[in-house]
Structures are given as structure tokens and as C-alpha cells.
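Visitor: Please take a close look at the cavity linings, and follow the residues and helices involved from there. Give the cut-offs as you go.

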Amino acid sequence: MAELRLSMVFFFLFIFFYINLSTVESSMARARHFKHPDTKALIEVSCQTTLYPALCIKCLARYANSNVRNEQQLAQVALTVSLYKARSTRSYMLKVAKELESIKAKECPALRDCLQQIDDSINQLSHSIRELRRFDLKAGMTDDLFWHIDNVDTWISAALTDASNCVDELPGHRMSKMKATIKGKVMNVAQLTSNALALFHRYAARYRSATNKKP
């Protein structure tokens with residue numbers, strides 16, 4: 001009987017330590033996955049201000065363990081993601097364009113127009129990223145800062161317009177698989193650019209609102 005009781009004690013002790021060990025390991029795994037929980041919270045909160053919050057969180061979640069600490073850096077990352085996707089889409093479209101031109105397909109003119117607009121989007125996104133890096137926040141709210149803000153706003157807006165126009169070049173009726181693939185990729189660029197613009201507006205709003213409060 002004593003041996004049975006002793007066995008039961010050891011059994012429950014084993015279960016207790018096993019459960020606690022599993023809990024600790026699970027907590028450590030989460031901690032390793034999100035080394036910077038503040039960044040994760042910043043991404044989730046900021047993305048709620050965009051038109052496509054699920055896409056925003058999905059694309060930026062990989063940066064949750066990075067050194068992104070503020071809204072300016074988050075806007076910079078969002079623009080970089082949009083630029084990467086635009087370049088990837090352009091590469092795909094160039095490949096398809098060569099194939100269509102070789103068979104003189106009727107879709108060639110629309111695809112060329114769309115490709116030109118994606119090229120413009122890439123240039124404008126590149127400009128906006130470089131301009132955002134020039135922000136000198138230590139100088140305070142000067143006219144130069146607002147000039148940079150307006151430049152970035154203009155370039156991202158233009159990139160969004162070009163990507164949206166590219167989508168419009170590809171009508172949605174009776175599309176081939178190729179057209180549908182291109183349209184899906186371009187729509188993704190437009191949505192990512194829209195999100196990047198919203199995140200930049202969120203960042204820039206603090207300076208514009210501060211200026212409006214001045215007597």
C-alpha cells in the first residue's frame with residue numbers, strides 16, 4: 001500500500017513538472033518568435049488604419065523581430081515591400097510581353113501600357129523611399145520637413161494612381177489565365193502601395209496636426 005502511494009506521488013509530480021515544463025517551453029518559443037513585442041503591436045495597430053489591414057499585417061509581420069521602432073521606420077518598410085512587389089511584377093510582365101510579342105498577340109498594346117505605368121510606379125516609390133530617408137527630425141518642424149513630407153505624399157500617391165490605372169488597362173471580362181495572373185499581381189502592388197500611403201499619412205499626421213495647433 002505504501003509502495004502504491006509512493007508511486008502515485010511520483011506520478012503526479014511527473015505530470016506537474018511536465019505541464020510546467022511545457023508551459024515554459026511554449027513561452028520561450030513565443031518570446032523567440034517575437035523578440036520585439038512592441039514592434040508587433042505597432043504593426044497591428046498601424047495596419048488598422050489601412051484599406052487592407054489583413055494584407056498589411058501579413059506583409060509586415062516578418063519584420064516584427066526587426067529594429068522597427070516607430071511609424072517613420074514602419075512606413076519605410078511598407079514602401080520597400082511595395083517597391084519589391086512592383087519590381088517582381090515588372091519582371092513577370094516583361095517575360096510575358098516577350099512571349100506575346102513573338103506571336104503578335106492582341107493583348108500586347110494593353111500590356112505595354114500597363115508595363116509603362118508599373119515602371120512609373122517603381123520610379124515614384126524609389127523616390128519616396130529616398131526622400132523619407134532625408135527627414136531630419138532633429139531639426140524640428142521646419143518648412144524643409146514639410147517640403148519632404150509633401151514630396152513623399154505626392155510620389156506615393158502617383159505610384160498608387162499608376163498601379164490602379166494599370167489594373168484598369170486589363171478589363172475583367174473573359175480574361176485569359178495570363179491576364180488574370182497579371183491583373184492579380186498588379187492589384188497586389190496597388191493594395192500594398194495604398195497601405196504604404198496610409199501608414200505614411202499616419203506618421204505625417206502628427207506633424208501636420210502640431211502645425212495646425214500653432215496660434
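Guide: The lining of the second largest cavity divides into 6 nonpolar residues, no polar ones and 2 charged ones (Ala, Val, Leu, Ile, Met, Phe, Trp, Tyr, Cys and Pro count as nonpolar, Asp, Glu, Lys and Arg as charged, the others as polar). The model is predicted, so local features need pLDDT of at least 70 and side-chain atom pairs pLDDT 80 or more, while totals for chains, interfaces and linings use all residues. Residues are numbered from 1 along each chain as its sequence is written, and side-chain values use heavy atoms, without hydrogens or water.

The residues around the second largest cavity are Leu100, Glu107, Ala110, Leu111, Leu170, Met178, Lys179 and Ile182. Here a cavity is a set of points on a 1 Å grid over the protein atoms alone where a 1.4 Å probe fits but cannot get out, and a lining residue has an atom within 4 Å of a point. The volume of this cavity is about 30 Å³, meaning the space filled by probe spheres set on the points, which are joined across faces, edges and corners. Helix 5 and helix 7 each contribute at least two residues to its lining (a helix is a DSSP run of H or I of at least four residues, numbered from the N terminus). Helix 7 gives the most, with 3 residues.

Across the whole structure, the search finds 2 cavities of 30 Å³ or more. The largest holds about 60 Å³ of space. Around the largest cavity are Cys56, Cys59, Leu60, Ala78, Val81, Leu192, Asn195, Ala196 and Leu199. Two or more of its lining residues come from each of helix 3 (53-60), helix 4 (71-102) and helix 7 (177-212). Helix 7 again gives the most to the lining of the largest cavity, here with 4 residues. By class, this lining has 8 nonpolar residues, 1 polar residue and no charged residue.

Two cysteines appear in the lining of the largest cavity, Cys56 and Cys59. Cys56 is joined to Cys47 by a disulfide, with an S to S distance of 2.0 Å (a disulfide is a pair of cysteine sulfur atoms within 2.5 Å). The torsion about the S-S bond of Cys47 and Cys56 is about -65°, so this disulfide is left-handed. Cys56 has a relative accessible area of 3% and so is buried (buried means under 20%, exposed over 50% and partly exposed in between, with a 1.4 Å probe and protein chains only). Its partner Cys47 counts as buried because its relative accessibility is 0%.

A search of the whole structure finds 2 disulfides. The other one is formed by Cys114 and Cys166, whose sulfur atoms are 1.5 Å apart. This link has 50° about its S-S bond and is right-handed. Cys114 lies in helix 5 (residues 108-133) and Cys166 in helix 6 (residues 143-168), so the pair links distant parts of the chain, 52 residues apart. Cys114 and Cys166 are both buried. Counting bonded cysteines along the chain, the disulfide pattern is 1-2, 3-4. Cys59 is in no disulfide, and the nearest cysteine sulfur, that of Cys56, is 7.8 Å away. Since its relative accessibility is 13%, Cys59 also counts as buried.

Helix 4 and helix 7, which both line the largest cavity, are also linked through side-chain charges. Glu71 in helix 4 and Arg202 in helix 7 lie 131 residues apart, and they form a salt bridge whose closest N and O atoms are 3.1 Å apart (a salt bridge is a side-chain nitrogen of Lys or Arg within 4 Å of a carboxyl oxygen of Asp or Glu). Glu71 forms another salt bridge with Arg206, where the closest N and O atoms are 2.7 Å apart. Because Glu71 is in helix 4 and Arg206 in helix 7, this pair ties together parts that are 135 residues apart in sequence. Glu71, Arg202 and Arg206 are thus linked in a network of salt bridges. Glu71 is buried, with a relative accessible area of 14%. Arg202, at 28%, is partly exposed, and so is Arg206, at 43%.

The whole structure has 5 salt bridges. One of them pairs Glu131 with Arg134, the closest N and O atoms being 2.7 Å apart. Glu131 is buried at 3% relative accessible area, whereas Arg134 is partly exposed at 49%.

How values were computed: 1 Å grid on protein atoms, 1.4 Å probe; cavity = no way out; pocket = protein on both sides within 12 Å on 5 of 7 lines; lining within 4 Å.
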